[in-house]
Amino acid sequence: MRNPEKKRLRRTMMFLNAQKPGLIKDPYIYKPDSIMLDLEDAVAENQKDAARFSLYHALKEINYHGCERVVRINALDTPYWKEDIRCAVAGGCDSIRIPKTERAEDVKLVEEAVAAAEKEFHIPEGKTLIMAAIESARGVMKVLEICESSERLFGIALSGGDYTKDLQTHITGTGLELMGARQNMIIAARAAGVQCFDTVYTNLNDMEGFRKEVESIHLMGFDGKSIINPRQISIVHEIFTPTLKDIIFAEKVVKEIDDKKAKGIGVFTVDGKMIDIAFYDGAIRTIYMAKASGVYKGDL
């Protein structure tokens, strides 16, 4: 049941209130890699049914032009999540986001409900992927187990607001309060072979602060960032897309390693930098990212 979409490019994942037709009718025009159609926090308790109605018809009737459609369901301790999954899967969503994930069993519970909905609505088995939001100290401590819990799970995401409340602190803008969670999550994600996404940046008046945070999480190894406004897309895509210099260097590394390996040479230099086989996977990933981003047309 390996779904090739598990590894797709996800630099930006933009949150949208699933109940608001004006928001969900054409977000693809801003070209985020993914959209997050939210049935949880953005929707009032007495509006859950209306939001599902809106979501279902949006998924069925709107051409999102290749933009991934992720649905954030309500938490597993509410009476809403099972019907959220049925509605989202019936509509043909690409993935389900589980909020407040704290253990592998949470993912397995959702996996069972997704599989049942696929069968009920004649959706191909395994089409609907899952991602898990980590929002608590317990979730961070269990993150490797969560990452390894399901073949459907493509990634995990940090929810900084709820996480810092659980830590009894708050978002400071320095990143200090999120450092431990970010590091633990990216290590676990890489160990399990899944993707990892950073939390939203809510101050839309501080684009310079946003840029610095995106640069920081890119250096940490994250795959992308959750966003709340189209203005944030271009900055994330710029930082997460390899530059021409990066691409040229990666091409050289791949070609030189292939050539030197055939000759039995293990260590050599490229543009004055010492290189060995350990650089190969990183160079291949740079080229993959460039291709997926549409800035590379080579054959590698």
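**Entry 1: helix H10**

I began with helix H10, residues 233–240, in this predicted model. I asked how many of its residues are buried. The count is 6 of the 8, so H10 is largely enclosed by the rest of the structure. I wrote down the buried ones: Ile 233, Ile 235, Val 236, His 237, Ile 239 and Phe 240. What do they pack against? I found two strands and two helices there: E1 (12–17) and E8 (224–227), then H9 (207–220) and H12 (280–293).

**Entry 2: Ser 293**

I followed H12 to Ser 293, which is found in that helix. Its side chain makes a polar contact with the side chain of Arg 11, at 3.3 Å. I then listed what Ser 293 touches, leaving out residues up to four places away in sequence. The list holds Leu 9, Arg 11 and Thr 241.

**Entry 3: strand E3**

Next I looked up strand E3, residues 68–72. I counted 5 of its 5 residues as buried, so E3 too is largely enclosed by the rest of the structure. Which residues lie on each face? I put Glu 68, Val 70 and Arg 72 on one side, and Arg 69 and Val 71 on the other. Both faces are covered.

I checked the strands that pair with E3. Strand E2 (residues 34–38) runs parallel to E3, with 5 bridges between them. Met 36 is the residue opposite Val 70 of E3. Between the two strands the chain passes through helix H2 (residues 48–61), and this β-α-β crossover is right-handed.

Strand E4 (residues 95–98) is also parallel to E3, joined by 3 bridges. Here Val 70 has Ser 95 as its bridge partner. I traced E3, helix H3 (residues 81–91) and E4 as a β-α-β unit, and this unit is right-handed.

**Entry 4: nonpolar cores**

I reminded myself of a general rule: in soluble globular proteins, nonpolar side chains tend to be buried together. Then I looked up the largest nonpolar core, which has 61 residues. Which members touch the most other members? They are Leu 37, Leu 55, Val 71, Ile 85, Val 110 and Ile 156.

I took Ile 156 for a longer look. Beyond residues up to four places away in sequence, Ile 156 touches several residues, among them Ala 132, Ile 134, Val 143, Met 185 and Phe 197. I also noted a second, separate core of 12 residues. Its members include Ile 247, Ala 250, Ile 275 and Ala 283.

**Entry 5: the UniProt record**

I opened the unreviewed UniProt entry. It places the feature "domain: HpcH/HpaI aldolase/citrate lyase" at residues 11–230. Over that stretch I read 41% helix and 18% strand. The end C-alpha atoms are 13 Å apart.

The unreviewed entry also places a "binding site" at Glu 135 and Asp 162. They are spread over 28 residues of sequence but cluster in space, with a largest C-alpha distance of 5.3 Å.

I asked whether Glu 135 is buried or exposed. At 5% relative accessibility, Glu 135 counts as buried. I found Glu 135 in the loop between strand E5 (129–134) and helix H5 (137–141). Its side chain reaches the backbone nitrogen of Lys 100 at 2.9 Å. Leaving aside neighbours within four places in sequence, the contacts of Glu 135 include Pro 99, Ser 159, Asp 162 and Tyr 163.

Asp 162 sits in helix H7 (residues 160–166). I noted Asp 162 as partly exposed, at a relative accessible area of 26%.

Terms used: Residues numbered from 1 in each chain as written. Predicted model: local features only at pLDDT ≥ 70, side-chain atom pairs only at ≥ 80, totals over all residues. Heavy atoms only, no water. Buried < 20%, exposed > 50% of the residue type's maximum accessible area, 1.4 Å probe, protein only. Helix = DSSP H or I, 4+ residues; strand = E, 2+ residues; numbered from the N terminus. Pairing = 2+ DSSP bridges. Right-handed = clockwise from strand over helix to strand, strands pointing away. Contact = heavy atoms within 4.5 Å. Polar contact = N/O pair within 3.5 Å; in protein donor to acceptor, adjacent residues only side chain to side chain. Core = buried A, V, L, I, M, F, W, Y, C linked by side-chain atoms within 4.5 Å. UniProt positions renumbered as here; feature names shortened; annotations may be inferred.
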